[in-house]
Amino acid sequence: GVASAADGVLGISLLQAARDSGRLTDWRLAGPFGRFSNVDFERPWPAEPDQLAQAAYDGRAVERFRFADGNVVLPDYFDHVGVFYAAAEVTVANAGVYLLRAETPGSLEVFLDGARVLTHDARFRDLPEVAEVKLPLAAGAHRVLVKFIPAGTPFQVALRPPPSGPQAQPAASAFSPAARYLAAPRPYTQ
């Protein structure tokens with residue numbers, strides 16, 4: 001899949017492998033909003049209620065990026081302070097329950113069609129880098145908006161049908177007993 005393509009295995013497209021795994025690759029980015037990432041993450045900025053619909057905010061253009069492996073990173077010429085927003089469009093062919101998965105070393109919030117569906121707030125405590133939520137979706141186009149701070153990059157968001165069958169494992173949320181158990185030794189081993 002994605003790892004093989006990233007390692008240069010011939011015949012595997014990195015972009016296609018990322019998309020086949022459900023990763024979102026085409027994003028619009030805007031920011032920074034505010035100057036203090038941890039404090040400013042608490043407030044909604046103008047890009048949040050309108051789901052990053054405008055062409056510019058406070059004189060800064062919203063820019064389009066393609067991240068072939070699905071890992072969203074801030075370009076070097078962006079200030080690395082404050083809060084940022086990234087928006088992507090995703091189309092699902094069939095109605096059903098889908099798994100939205102976010103991987104990040106830091107803090108982010110994910111909105112789907114304007115509703116907050118996932119919060120991964122690692123500003124003041126260690127959390128697993130993966131957070132997941134199952135969502136019922138109608139067939140058609142949906143807008144994903146991610147609010148994040150620079151410490152939350154690189155991040156990736158994937159949307160796919162949840163696994164089924166005998167190998168399916170229940171998704172561990174950041175607050176499940178298993179997740180707390182796995183995160184507990186971190187302060188002692190670092």
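This is a guided tour of a predicted model, arranged as a series of selections to make in the viewer.

**The whole chain**

Begin with the entire protein in cartoon view. Five helices and 11 strands are present. Of the 190 residues, 43% are buried. When contacts between residues at least 6 apart in sequence are considered, 78% of them join residues at least 24 apart. Switching to a surface view shows an accessible surface of about 10,100 Å², and carbon and sulfur atoms account for 55% of that area.

**The six-stranded sheet**

Select strands 4, 1, 5, 10, 7 and 8. In that order the six strands form an open sheet with antiparallel pairing. Strand 4 and strand 8 occupy the edges; each has a single partner strand, so one side of each lacks a neighbour in the sheet. Direction ignored, neighbouring strands here are turned by 25° against each other on average.

Next, restrict the selection to residues 108–112 and 140–148. These are strand 7 and strand 10, which pair in the antiparallel sense over five bridges. To locate one position in strand 10, select F111 and look for its bridge partner, L145.

**The three-stranded sheet**

Now select strands 9, 6 and 11. They make up an open sheet of three strands in the order 9-6-11, again with antiparallel pairing. Strand 9 and strand 11 (156–160) are the edge strands, each pairing on one side only. The average turn between neighbouring strands of this sheet is 20°, direction ignored.

Within this sheet, strand 6 (residues 96–103) is paired with strand 9 in the antiparallel sense over eight bridges. Select L100 and then V133: V133 is the bridge partner of L100 in strand 9.

Remain in the region and display the side chains of R101 and E103. They meet in a salt bridge, with an N to O distance of 3.0 Å. Are these two residues buried or exposed? Both count as partly exposed, because their relative accessibilities, 27% for E103 and 22% for R101, fall between the limits of 20% and 50%.

**The loop residue D121**

Move to D121, which is found in the loop between strand 8 (115–120) and strand 9 (130–137). Its relative accessible area is 21%, so D121 is classed as partly exposed; the cut-off for a buried residue is under 20%.

Which residues does D121 touch, leaving aside those up to four places away in sequence? They are S107 and L127. Select S107 together with D121: the two residues are 14 apart along the chain, and their C-alpha atoms are separated by 4.5 Å. The side chains of D121 and S107 make a polar contact of 3.4 Å. Add R123 to the selection, and a further polar contact appears, joining the side chains of D121 and R123 at 2.7 Å.

**Salt bridges across the chain**

Side chains of opposite charge can pair when their charged atoms come close. The structure holds 11 salt bridges, and the following selections show several of them.

Select R66 and D26. Their salt bridge has its closest N and O atoms 2.6 Å apart. The pair connects distant parts of the chain, since R66 belongs to strand 4 (residues 63–66) and D26 to strand 1 (residues 26–33), 40 residues apart. R66 counts as exposed at 52% relative accessibility, whereas D26, at 32%, counts as partly exposed.

Continue to D79 and R35, whose side chains form a salt bridge of 3.6 Å, N to O. This pair also links distant parts of the chain: D79 is in the loop between strand 4 and strand 5 (83–92), and R35 is in the loop between strand 1 and helix 3 (37–40), 44 residues apart. D79 is partly exposed, at 41% relative accessibility.

For the last stop, select E48, E109, R116 and K147 at once. Which arrangement links these four residues? They are linked in a network of salt bridges. To place three of them against the earlier selection, note that E109 lies within the residue range of strand 7 (108–112) and K147 within that of strand 10 (140–148), while R116 lies within that of strand 8 (115–120).

Conventions: Residues are numbered from 1 along each chain as its sequence is written. This is a predicted model: local features need pLDDT of at least 70, side-chain atom pairs count only at pLDDT 80 or more; totals for chains, interfaces and linings use all residues. Side-chain values use heavy atoms; hydrogens and water are left out. Helices (H or I, at least four residues) and strands (E, at least two) are DSSP runs, numbered from the N terminus. Buried means under 20% relative accessible area, exposed over 50%, partly exposed in between (1.4 Å probe, protein chains only). Contact means heavy atoms within 4.5 Å. A polar contact is a pair of N or O atoms within 3.5 Å; within protein, one must be able to donate a hydrogen and the other to accept it, and residues adjacent in sequence count only if both atoms are side-chain atoms. Two strands pair if DSSP finds at least two bridges between them. Axes are lines fitted to C-alpha atoms, for helices over the stretch in contact, and angles run from 0 to 180 degrees between N-to-C directions. Accessible areas come from the Shrake-Rupley method with a 1.4 Å probe; for residues, only the protein chains shown count as cover.
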